[in-house]
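Visitor: Please take a close look at one helix and at what packs around it.

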Amino acid sequence: MTEITLKLEDDQITFLQECKKLGFKDKSSLVRTALERFKKDIEGKDLKKSADLYAELYKEDQGLQELTEGAIAGWPK
C-alpha cells in the first residue's frame with residue numbers, strides 16, 4: 001500500500017482516534033472504508049444520472065420506442 005499525508009480538522013482527527021470503538025482495526029482501515037463507501041455513492045449517483053438521461057431520450061424518441069416494442073413482442077410478461 002502507498003502512504004500519503006493528509007491535513008485534517010481537529011474533529012476529524014478526534015473521530016479517527018476512535019476507530020477501534022467503531023470496530024476498525026486502525027485509522028487507515030476506517031479511512032479506506034469511508035473512501036470506498038464514498039466512491040460507491042458517487043458511482044451510484046453517476047449511474048442514476050446516466051439512466052435518467054437514457055430514459056429521457058427514450059421518452060422523446062418514438063422510433064426507439066417502436067423498435068423496443070417490436071423487440072419484446074412475444075416475450076413472457
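Guide: What follows deals with helix α2, its two neighbours and the pocket beside them. This is a predicted model, in which local features need pLDDT of at least 70, side-chain atom pairs count only at pLDDT 80 or more, and totals for chains, interfaces and linings use all residues. Residues are numbered from 1 along each chain as its sequence is written, and side-chain values use heavy atoms, with hydrogens and water left out.

Helix α2 covers residues 27-60; helices (H or I, at least four residues) and strands (E, at least two) are DSSP runs, numbered from the N terminus. α1 (10-17) packs against α2 at an angle of about 110°, and their axes are 9 Å apart. Axes are lines fitted to C-alpha atoms, for helices over the stretch in contact, and angles run from 0 to 180 degrees between N-to-C directions. The two helices are therefore roughly perpendicular to each other, the word used for 65 to 115 degrees, with angles under 35 roughly parallel, over 145 roughly antiparallel and the rest oblique. On the α1 side, Phe15, Leu16 and Gln17 meet Lys27, Leu30 and Val31 of α2, where contact means heavy atoms within 4.5 Å. By class, this contact has four nonpolar, one polar and one charged residues. Ala, Val, Leu, Ile, Met, Phe, Trp, Tyr, Cys and Pro count as nonpolar, Asp, Glu, Lys and Arg as charged, and the others, Gly among them, as polar.

α2 also packs against α3, at an angle of about 95° with the axes 5 Å apart. That makes α2 roughly perpendicular to α3. Here Tyr58, Lys59 and Glu60 of α2 meet Gln62, Leu64, Gln65, Thr68 and Glu69 of α3. The contact has two nonpolar, three polar and three charged residues.

α3 runs over residues 62-72, and Asp61 caps its N-terminal end, with a side-chain oxygen 3.1 Å from the backbone nitrogen of Gly63. After α3 comes Gly74, with a positive phi near 90°.

Last, the lining of the largest pocket draws its largest share, five residues, from α2. By class, that lining has eight nonpolar, two polar and three charged residues.

Conventions:
Polar contact = N/O pair within 3.5 Å; in protein donor to acceptor, adjacent residues only side chain to side chain.
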